[in-house]
Amino acid sequence: MVITAKQEALVVSSWNEMKDDAPTYALKFFLRLFEIIPSAAKRFSFLRDSNLPLEKNPKLKAHAMGVFVMTCEAATQLRKTGKVNVGANTSVQHLASVHFKAGVADLHFEVLKFALLETIKEAVPYMWSEELKEAWSESYDYLVVAIKNEM
Ligand code: HEM
């Protein structure tokens, strides 16, 4: 078991606290990524082709939400099966291919993890602990390793 029942419970209970505002939080951690690495925004075709401000772009919000939800779901999948299953509508091979073609690099994944953890800390300060951080961190790492292994 790569994720313990306690870690899964920490991820799920904090998700339940954040879920009503999850799209706002998700967007926030992507905007943080772009603050740290502005060129990362150029990886997205729909940002290159758009005049909308980043924070108003529905496709960016949808991608950000996807990352947030998939990281949360990975905790349960890892606890149950020891593996990440990215869902019925996609595959790790497909995600690897899309990210590889878009030129997404290790540093982007690393900085996004930092931004995700920082956002969770700000969203649920009363729940924040080293264990909560580790639980989200491991969930994210296994998800990203699954994608990167196919890249
Ligand atoms: C596309 C998930 C991290 C950039 C996608 C898609 C999904 C996804 C589901 C849509 C694939 C499709 O078109 O069918 C994830 C997950 C991540 C992650 C689960 C981390 C756990 C990142 C990071 C970047 C990034 C760090 C950095 C810039 C992109 C780009 C596309 C994409 C550029 C293609 C968008 C386009 O131009 O159409 N991602 N992503 N992703 N992702 Fe991610």
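Glu35 and Arg32 sit three residues apart in helix α2, about one turn of the helix. Their side chains pair up in a salt bridge, with 2.8 Å between the closest N and O atoms. Keep in mind that this is a predicted model. Beyond that pair, there's an iron site with two histidine donors and a pocket of about 490 Å³ to look at.

**Salt bridges**

- The structure has seven salt bridges, and the one between Glu35 and Arg32 is among them.
- Glu35 counts as exposed because its relative accessibility is 57%, over the 50% cut-off.
- Arg32, at 24% relative accessible area, is partly exposed.
- Asp106 and Lys148 meet through their side chains in another salt bridge, 3.3 Å from N to O.
- Asp106 belongs to helix α6 and Lys148 to helix α7, so this pair ties together parts that are 42 residues apart in sequence.
- Lys148 comes out as partly exposed, with 29% relative accessibility.
- Lys113 and Asp141 also form a salt bridge, at 3.0 Å from N to O.
- That pair links distant parts of the chain too: Lys113 is in helix α6 and Asp141 in helix α7, 28 residues apart.
- Lys113 is buried because its relative accessible area is 14%, under the 20% cut-off, while Asp141 is partly exposed at 29%.
- Arg32 and Glu35 turn up again in a network with Glu118, joined by salt bridges that share partners.

**The iron site**

- On the protein side, the iron atom of the ligand gets its donors from His63 and His99, each through NE2, lying 2.0 Å from the metal.
- These two histidines come from distant parts of the chain, 36 residues apart: His63 is in helix α4 (residues 58-81) and His99 in helix α5 (residues 92-101).
- Why is the arrangement octahedral? The six donor atoms around the iron atom subtend angles of 82 to 179°, which makes it so.
- For six octahedral donors, the ideal angles are 90 or 180 degrees.
- His99 is buried, with 15% relative accessible area, whereas His63 is partly exposed at 26%.

**The largest pocket**

- The largest pocket has a volume of about 490 Å³.
- Its lining is made up of 25 residues, and Phe44, His63, Val67, His99 and Phe109 lie nearest the centre.
- Elements giving two or more residues to this lining are α2 (22-36), α3 (45-48), α4, α5, α6 (106-123) and α7 (130-149).
- Helix α4 gives the most, with five residues.
- By class, the lining has 17 nonpolar, seven polar and one charged residues.
- Both iron donors, His63 and His99, are among the lining residues nearest the pocket's centre.

Definitions and conventions:
Residues numbered from 1 in each chain as written. Predicted model: local features only at pLDDT ≥ 70, side-chain atom pairs only at ≥ 80, totals over all residues. Heavy atoms only, no water. Donors = N, O, S within 2.8 Å, 3.2 Å for Na, K, Ca; no water. Tetrahedral: all angles 85-135°; square planar, octahedral: opposite > 155°, others 65-115°. Helix = DSSP H or I, 4+ residues; strand = E, 2+ residues; numbered from the N terminus. Buried < 20%, exposed > 50% of the residue type's maximum accessible area, 1.4 Å probe, protein only. 1 Å grid on protein atoms, 1.4 Å probe; cavity = no way out; pocket = protein on both sides within 12 Å on 5 of 7 lines; lining within 4 Å. Points joined across faces, edges and corners; volume = space filled by probe spheres on them. Nonpolar A, V, L, I, M, F, W, Y, C, P; charged D, E, K, R; others polar. Salt bridge = Lys/Arg side-chain N within 4 Å of Asp/Glu carboxyl O.
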